[in-house]
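Welcome! Take a moment to turn the structure around before reading on, and then we will walk through it together.

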Amino acid sequence: MSWIKNFVLVVMVSSVTFKILDVAFGAVMPGEYIVTSLERAVNRSIILREFNPNQSASIAPSNFYMKNVDSLEQRNYPVTIDANGFIENGNIIQPNPDLRIIFFGGSTTEALFVDEKNRFPSIIERSLRNAMNQKVAVHNAGVSGNNSMHSNLALIAKGIPLNPDFVVLMHNINDFSLLSKTKSYWVSPISRALISKNFSPFFTTEDSARSLTFKTLKKIKNFLFPNLYEYLAPRLLPNLKLHKDDFKGFRLESSVVDTEVEKQFRASLITFIKLAETWDIKPILMTQFNRVKIDDPIFQRFYQSIPEGSDMSAEKFIQTYQKFNDITREVARQRNIPLIDLELLVPSSKEYIYDTVHLNDEGSKYVAKIISDQIIKIISSDI
């Protein structure tokens, strides 16, 4: 084995010798001969919060989820994701469409707990095809937890390349939820982050305790027995915390909504508009339908479920939520772009909304009719 030791020794001595020669060369030669090697940014990347492409599943609201709803049926809802990470509509695909529309938003656009063909983007696609006698493609780019800054990134990464005619944005509650705690889109828990540290996957103290082994076991559980786990875990382990608080560690200071928070939300909406218009795409803003009312029992239940540490009163919560819809109206008016005011057009009742902000099947049908009619008017006014 002596030859191995000799080989290693030669390699080490040669490496040290070359490094000394290179340093000496750099010290005595003119600057134009010096090349400084900088590593490219492979340790960090922008997060595209989307569904993994080309997958399908049937999902059902959990028992925990059902505690805060009053007009949602607990059953399986099929979901299929296309090659672009969009939620499929279940309609016949028409290639090379005459009209293409993309809806960006959070879970209120995503509408997972609505039948596939009753999700409002799906109904809108069929309605516009019938009304306009054209080939129409409508894409559902909603993702639970996304705020408007996530939608800006999605528009750049996968919206613009499709060359859509319209992009529609509906945000409120997720932006409000984040900004009231951190006052910045760039300060967030890992689940809402804009940047990922690829080789250091834990961003917060709470996340650092969740080891790679834990995450691996969780993936195995989700693959092998998700339904049994959801049913048995709360019964066999009643004290086990099954639902993580994403914002734990971000409630240490008072929840604040001030001019800086409003400025950031406004700027994010304007960013979406300018991005679209720069690429000859027509933007449309929508306010968010809701049951955020002081006398609504579902809102009362929701507010009581907010984790301890929030110092925002129910009245302040409602006022701030409405302010975010007002900012959406204000930006649309100032920028002279179309607004679909769903907050005013959709009744705040369990007939259409099963919790504070999510549509049930009837609500999705109702909203689809409103949006379809408004888009037809917008198109007609442009002709």
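Let's start inside a sheet, with one pair of residues: V167 has P283 of strand β8 as its bridge partner. Keep in mind as we go that this is a predicted model. The two residues belong to a longer pairing, in which β6 (residues 166–170) and β8 (residues 282–286) are joined in the parallel sense by five bridges.

Now step back to see where these strands sit. They are part of an open sheet of five strands, and reading across it gives the order β5-β4-β6-β8-β9, with parallel pairing. Which strands form the edges? They are β5 (136–142) and β9 (339–340), each of which pairs on one side only. Look next for helix α10, which covers residues 259–278. This helix lies across β4 (99–105), β6 and β8, and it runs at about 155° to β8.

Let's follow the edge strand β5 to our next stop, the second largest pocket. β5 gives the most to the lining of this pocket, with five residues. Helix α4 (120–132) also takes part, since α4 and β5 each supply at least two lining residues. In total, 24 residues line the pocket, and D82, I93, E125, V138 and H139 lie nearest its centre. What mix of residue classes does the lining have? There are eleven nonpolar, eight polar and five charged residues. The space in this pocket comes to about 360 Å³.

Our last stop is a loop. Between α2 (63–66) and β3 (77–81) you will find E73. The side chain of E73 is joined to that of R75 by a polar contact of 3.0 Å. Look also for F113: E73 and F113 are 40 residues apart along the chain, while 8.5 Å separates their C-alpha atoms.

Conventions:
Residues numbered from 1 in each chain as written. Predicted model: local features only at pLDDT ≥ 70, side-chain atom pairs only at ≥ 80, totals over all residues. Heavy atoms only, no water. Pairing = 2+ DSSP bridges. Helix = DSSP H or I, 4+ residues; strand = E, 2+ residues; numbered from the N terminus. Contact = heavy atoms within 4.5 Å. Axes fitted to C-alpha atoms, helices over the stretch in contact; angles between N-to-C directions. 1 Å grid on protein atoms, 1.4 Å probe; cavity = no way out; pocket = protein on both sides within 12 Å on 5 of 7 lines; lining within 4 Å. Points joined across faces, edges and corners; volume = space filled by probe spheres on them. Nonpolar A, V, L, I, M, F, W, Y, C, P; charged D, E, K, R; others polar. Polar contact = N/O pair within 3.5 Å; in protein donor to acceptor, adjacent residues only side chain to side chain.
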